[in-house]
Amino acid sequence: MEELTGEAFNKEEWMDIEQFRWIGGEDQDPDDPENYIHKRFRGDDEIDQVVEECFGTLQVDDRFETSRKIYDHLDVPATFRTFEGQPHSPVWEDRLEAAEFHKERIEADFELLHVTLVESDSEAYVGDTVTARVTVENVTDVNSSTTVSFAVDGPAGETTEIETTEVQVDSKSAETVELETVFEETGEFTLRINGTAIEDSVVVTEEPTEEVNGTGSETSSEGDAVTDQGGVAADEAPGFGVVQTLMAVGGIGYLLDRYRSTDD
């Protein structure tokens, strides 16, 4: 292998691949064992003789069964299936069994439907709904489905599963899914989509209240008049306010000065 490809055979990786090996039960002729129609070695040279000596002559009873025993001895993860009554190329219903085997493992090992985060809230108040919006894109030629999970890592590092949603997506198309949760306490939280953490954490705080001055009176941001605890502005209270009183006293003083000037 290394001489042909430049890399040595990786036994560990090969052992991780689950195999499905099958054969038609009639893919041999016990009455004519010299019939080599579907056999790889047909000559009389040295390697052909070694193969026949190790694996036998009959396709199913000898070679297929010997291969099964070798795989079992090496503990290779493989399924060996003989389709009884079928020739070298079994009917579609039997071959479909092999196709389903590979389909299950492809879906388990490869992401054929891409789940991508579109946007997510990064700030929230206690009690607010936080939303993460994702798209599920189907890059295959067949309608398919996938499961999207939504979880939250708390300030203490604990992970809480929020919801799991099954998403159906037509071929060569995409669907948008909104995942929501509500936080009942303050802190910094990490959202996870299908186990992958969203880079920006969500910071949850208490909703701010209006500020109160030292006298217990509230002051608005526009600088409106200061009100007493009863909510009435000072210059709207009955009688003279402080400003009006000072203006009145000043006016009287001005009139008295004018009066004295006239007498002089």
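**View 1. Contacts across the whole chain.** Of the contacts in the chain with a separation of 6 or more, 56% come from residues 24 or more positions apart. What you are looking at is a predicted model. Its chain has six helices and eleven strands. Of the 264 residues in the chain, 23% are buried. As for the outside, the chain exposes about 18,900 Å², and carbon and sulfur atoms supply 49% of that area.

**View 2. A cluster of aromatic rings.** Here we zoom in on Phe-9, Trp-14, Phe-64, Tyr-71 and Phe-80, which ring pairs link into a cluster. New to ring pairs? A pair of aromatic rings is described by two things, the distance of the centres and the angle of the planes. The count of aromatic pairs comes to seven.

**View 3. A charge over a ring.** This close-up shows Arg-105 and Phe-101. The charged end of Arg-105 sits over the ring of Phe-101, and 3.7 Å separates that end from the ring's centre.

**View 4. A nonpolar patch on the surface.** Ile-106, Phe-110 and Leu-112 come together here as a nonpolar surface patch. Between them, these residues have about 270 Å² of accessible area.

**View 5. A look at Leu-112.** Back to one of the patch residues: Leu-112 is found in a loop, with α5 (92-109) on one side and β3 (113-120) on the other. So why does Leu-112 count as partly exposed? Its relative accessible area is 34%, and partly exposed covers what lies between the buried cut-off of under 20% and the exposed cut-off of over 50%.

Note on methods: Residues numbered from 1 in each chain as written. Predicted model: local features only at pLDDT ≥ 70, side-chain atom pairs only at ≥ 80, totals over all residues. Heavy atoms only, no water. Patch = residues over 30% accessible without salt bridge, like charges linked within 9 Å, V, L, I, M, F, W, Y side chains within 5 Å. Areas by Shrake-Rupley, 256 points an atom, 1.4 Å probe, with all protein chains shown as cover. Salt bridge = Lys/Arg side-chain N within 4 Å of Asp/Glu carboxyl O. Helix = DSSP H or I, 4+ residues; strand = E, 2+ residues; numbered from the N terminus. Buried < 20%, exposed > 50% of the residue type's maximum accessible area, 1.4 Å probe, protein only. Contact = heavy atoms within 4.5 Å. Phe/Tyr/Trp six-rings, centres within 6.5 Å; stacked < 30°, edge-to-face > 60°. Lys NZ or Arg CZ within 6 Å of the ring centre and 35° of its normal.
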